[in-house]
Amino acid sequence: MKKSLKIIIVFVAIMLAIIGAVVGFSNLNKNNKKVSIITTNFPAYDFARAVAGEEADIKMLIKPGAEIHDFEPTPQDIIDIKNSKMFIYTGGESDEWIEDVLDDINTNDTKLFRMMDAVEAVEEEIVDGMEHEHEHEDGNEEGQEHEKEEAEYDEHVWTSLKNAQKIVGNIKDELVKISPENKNIFESNAEKYVNKLRKIEQEFQDVVKNGSRKTIVFGDRFPLRYFVDDYGLSYFAAFPGCSDQTEASSKTVAFLVDKIKSEKIPVVFKIEMSSGKIADTIANETGAKVLTFNSAHNISADDFKNGMTYAEIMEKNVKALEEALR
């Protein structure tokens, strides 16, 4: 990906120079009163949409239904970033390509908003039974020093309702700076959305408080570290959040099966747009019900077309969690 991305960046730089000499990019946004916003994934898109409303043109680079970890920008994507008034991205492992792009284009007129900078990021962790890259073939983990060197910060900051509220507030503040004439609109929209997120946060708190257990199991990747930390939940899963693995070892599956059986856990989760094969295998061995817990990383093309929001996704997760904690 690195080589092809460099070729794209060089190509775009040439295009920018030629077009800029003819029309002048500084004038492109002046003819449009709406704020141009480019986002990488769905949470960033939804938060920007919630705050800006009709006062912005917003584009999400990751296509609905696509796997975000496989994303590679097109020349047009890079041009759109260059010409935007605000570019919102996460800043984690799946956004590594962005640093190369930003190093090679002029973004002096673009507000760069990195969601991981708006909250307190935590390191991605490996829990018992979870497969990970730093494990020898004999099953023994590598030294702690190497583990520490290879530590990655968990990029899925939006899965916390608390973090989502902070990010929305920060986006609002930046949009007010960009378009002060729309200050009242941005502030009103942000307040309404934050209040909605607070209500859902309370619903999750009530579910956890009234639940009969505090452990959840994922037969899948686990991109919800920030979420479980908010509510004091423990978890077990096949892979960490940014893993590209899809096949679990028999040892991992056996561990998760034993965990569900020993603690009589009624639900095994899979994440959105997952094949669910591991979860199905675990369910067949334990009788647990397979449910989807949506991390909101991306949504289907149909849901995107129908205007699905992050808040609506989290409302569905409330119901799923309630069933899992019974």
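**View 1. F204 and its contacts in the predicted model.** In this predicted model, let us start at F204, whose contacts beyond its neighbours within four places in sequence are L161, F227, Y231, F293, M314, N317, V318 and L321. F204 also belongs to the largest nonpolar core, a set of 67 residues. Within that core, the residues that touch the most other members are F47, F204, I216, Y310 and L321. Which helix gives the most to this core? That is helix α7 (residues 183-210), with 9 residues. A second core, separate from this one, holds 15 residues, among them F236, I260, I282 and A283.

**View 2. A cluster of aromatic rings.** Here is F204 again, this time as part of a cluster held together by ring pairs. Its other members are F218, F222, F227, Y231, Y235, F269 and F293. Across the whole structure, a search finds 15 aromatic pairs.

**View 3. The ring pair of F222 and Y235.** How are these two rings arranged? Their centres are 3.8 Å apart and their planes meet at 5 degrees, so F222 and Y235 count as stacked. Strand β5 (residues 215-222) carries F222, while strand β6 (residues 234-240) carries Y235, so the pair ties together parts that are 13 residues apart in sequence. Are the two partners buried or exposed? F222 has a relative accessible area of 3%, and because the cut-off for buried is under 20%, F222 is buried. Y235 is buried too, at 6% relative accessibility.

**View 4. Strand β3, covered on both faces.** Now take a look at strand β3 (residues 86-89), where M86 and I88 lie on one side and F87 and Y89 on the other. All four of these residues are buried, so both faces of the strand are covered. This arrangement is a familiar one, because side chains in a regular strand alternate between the two faces of the sheet.

**View 5. The strands that pair with β3.** Which strands pair with β3? One is strand β1 (residues 35-39), which joins β3 in the parallel sense over 3 bridges. In this pairing, I38 stands opposite F87. Another is strand β4 (residues 111-114), which runs parallel to β3 and is joined to it by 4 bridges. Here Y89 of β3 has R114 of β4 as its bridge partner. To get from β3 to β4, the chain passes through helix α4 (residues 96-104), making a β-α-β crossover that is right-handed.

Definitions and conventions:
Residues are numbered from 1 along each chain as its sequence is written. This is a predicted model: local features need pLDDT of at least 70, side-chain atom pairs count only at pLDDT 80 or more; totals for chains, interfaces and linings use all residues. Side-chain values use heavy atoms; hydrogens and water are left out. Buried means under 20% relative accessible area, exposed over 50%, partly exposed in between (1.4 Å probe, protein chains only). Helices (H or I, at least four residues) and strands (E, at least two) are DSSP runs, numbered from the N terminus. Two strands pair if DSSP finds at least two bridges between them. A crossover is right-handed if, with the strands pointing away from the viewer, the path from the first strand over the helix to the second runs clockwise. A nonpolar core is a set of buried Ala, Val, Leu, Ile, Met, Phe, Trp, Tyr and Cys residues joined through side-chain atoms within 4.5 Å. Contact means heavy atoms within 4.5 Å. Rings of Phe, Tyr and Trp (its six-membered ring) pair if their centres lie within 6.5 Å; planes under 30 degrees apart count as stacked, over 60 as edge-to-face and the rest as tilted.
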